[in-house]
Amino acid sequence: MNRNDHQLIDQDDGFSPLDSPFDTSAAGTPKRPDLSGRIGGAGGSSGIGGTPSIGPQATYTSNTLPGGYHTNTLDEPILTTIGRDFGKVGRKTVQVLYPKGRDNALKEWDLWGPLFFCLSLAIIMSFLAPDQQASAVFTGVFALVCIGSCVVTLNCKLLGGHVSFFQSVCTLGYCISPMAIASLVSLLVKRIIVTLPVVAVAVGWSISASVGFLAGAQLANRRLLAVYPICLFYICIGWIIIIS
């Protein structure tokens, strides 16, 4: 063995396993920091809608729907739900009686208001009728309002009106409120000289309000064919109030 071979062996003998480039635990290699933290903490990432992710501090935020309802109303008191519904019925009734800003009035339809005014009108008309005809008058008025509003709505849809079925029924039902007020006046006064002008004003008010709210149906040159059944619907109700 020559001198050069001896030097190579000495260098191999002095090679330390700690200096191996394949050893991840080498002293000169920086260690990756341990992961720590908490998912869903105060500074954590947000999920859909800006709500915190899953974790001990994650909270649920209910999103408000266009109708003013929330996605989570199961835990609220029943009086809160009833108060919110009555508040919306009251606001829509005011928009019918005072039709300022009617463009945004009844886009969010409901059937509580129409049902209330339909029942109110039928009950008042049953009081105006003789005792032996009270139940028949109640049934007839209730059926006339329900079936008539559905027929007028179907007529508007068949003419190509861009309005939903329930939105149209809701509008026609809320526009009965002047007729309900006229029937109440007729019940209290019972004089034709007072009832006749009050009913006439109520019929005109109901027709004007319903036509104004349904103006967005985009009927073009068929508008008259849609307005005629509406006028006939409210005139029939007014005539029943007068003859009672």
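This note comments on the cysteines and on the aromatic pairs of a predicted model.

1. Disulfides. The count of disulfides in the model comes to zero. The sulfur of Cys 170 has its closest cysteine sulfur in Cys 175, at 9.0 Å, which is too far for a bond, given that a disulfide requires the two sulfur atoms to lie within 2.5 Å. Cys 175 is likewise in no disulfide, the sulfur of Cys 170 being the nearest to its own.

2. Surroundings of the cysteines. Cys 170 is buried, with a relative accessible area of 0%, and Cys 175 is also buried, its relative accessible area being 0%.

3. Aromatic pairs. The model holds six aromatic pairs. One of them joins Trp 109 and Phe 166, whose ring centres are 5.0 Å apart and whose planes meet at 20 degrees, so that this pair counts as stacked. Because Trp 109 sits in the loop between α2 (78-97) and α3 (112-128), while Phe 166 belongs to helix α5 (residues 165-174), the contact ties together parts that are 57 residues apart in sequence.

4. A second geometry at Phe 166. The rings of Phe 165 and Phe 166 have centres 5.5 Å apart and planes at 90 degrees, and the pair is therefore edge-to-face. Trp 109, Phe 165 and Phe 166 together form one aromatic cluster.

5. Exposure of the cluster. Trp 109 is partly exposed at 40% relative accessibility, Phe 166 is partly exposed with a relative accessible area of 41%, and Phe 165 is partly exposed with a value of 30%.

Definitions and conventions
Residues are numbered from 1 along each chain as its sequence is written. This is a predicted model: local features need pLDDT of at least 70, side-chain atom pairs count only at pLDDT 80 or more; totals for chains, interfaces and linings use all residues. Side-chain values use heavy atoms; hydrogens and water are left out. Buried means under 20% relative accessible area, exposed over 50%, partly exposed in between (1.4 Å probe, protein chains only). Rings of Phe, Tyr and Trp (its six-membered ring) pair if their centres lie within 6.5 Å; planes under 30 degrees apart count as stacked, over 60 as edge-to-face and the rest as tilted. Helices (H or I, at least four residues) and strands (E, at least two) are DSSP runs, numbered from the N terminus.
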